[in-house]
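Here's a quick tour of the charged side chains in this protein and who pairs with whom. Have the structure open as you read.

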Amino acid sequence: MTKVDRRIIKTREAINKALIELMSEKSFENITINDIAEKANLNRGTLYLHYTDKYDLLDKCIKDHLANMLNFCILSEPGEASLDLINSPLPLFQYFEEHFSFYSSMLTNKGITCFQEQLILMVKKGITARLKIEEMKQEDNNVVVVQYMASAFVGVVEWWIKNNMPLSPQMMAQQLGDIYEKNYALVRRSSHPT
């Protein structure tokens, strides 16, 4: 692995921070490269050394945050890493709380549906991995359950973030863990009829 120069890291952090701050002020579509460069206290040329345009910046920013979230909250199985929303949703909510400004910007800024889609995909992978761990066959009805649970989870996270986290991460983890455990009990019964 090659070591990245600290100046490059600091510059990218300044650019990402500027983007997130701007997104809390206005719609992503109305943000220009000039706005980002000015907010980051850089010139446009420096920004273009790191990103091809604002869409490239947004895409890399989202991927970096989701990868960091996954590293912080993973359930590791041989050859696969995924979120464990059933046994340990607390680290995920703690991560959301710690990075509130990013998730708030992504979930409240209209036109950033790509973030929500990527988050749902990541959650679906976690739920599917959990189903495999429990040695359940991936039947058609489980595909619907996985989609439902992933969409519900992201919807609840969106509500929590948009409402400035009215419940603690511990309370959110407890309540969602209980809900998911009940849903898994239903899935188990439907997968293994007596």
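Let's start with Arg7, which is exposed, with 62% relative accessible area. The model is a predicted one, and in it the side chain of Arg7 meets that of Asp5 in a salt bridge, with N and O 2.6 Å apart. Asp5 itself is partly exposed, at 30% relative accessible area.

Arg7 and Asp5 don't tell the whole story: searching the whole structure turns up eight salt bridges. Here are three of the pairs, with the N to O distance for each.

| Pair | N to O distance |
|---|---|
| Arg7 and Asp5 | 2.6 Å |
| Lys63 and Asp59 | 3.0 Å |
| Lys39 and Glu21 | 3.9 Å |

Now for Lys39 and Glu21, whose closest N and O atoms sit 3.9 Å apart; that counts as a salt bridge because the cut-off is within 4 Å. This pair links distant parts of the chain: Lys39 belongs to helix 2 (residues 33–40) and Glu21 to helix 1 (residues 6–25), with their positions 18 residues apart. Both ends are partly exposed, Lys39 at 36% relative accessibility and Glu21 at 30%. There's also a wider network of salt bridges here, linking Lys17, Glu21, Glu25 and Lys39.

Lys63 and Asp59 are a more local affair: both lie in helix 4 (residues 54–72), four residues apart, which is about one turn of the helix. Their salt bridge has its closest N and O atoms 3.0 Å apart. Lys63 is partly exposed, at 44% relative accessibility, and Asp59 is partly exposed too, at 30%.

Conventions: Residues are numbered from 1 along each chain as its sequence is written. This is a predicted model: local features need pLDDT of at least 70, side-chain atom pairs count only at pLDDT 80 or more; totals for chains, interfaces and linings use all residues. Side-chain values use heavy atoms; hydrogens and water are left out. Buried means under 20% relative accessible area, exposed over 50%, partly exposed in between (1.4 Å probe, protein chains only). Helices (H or I, at least four residues) and strands (E, at least two) are DSSP runs, numbered from the N terminus.
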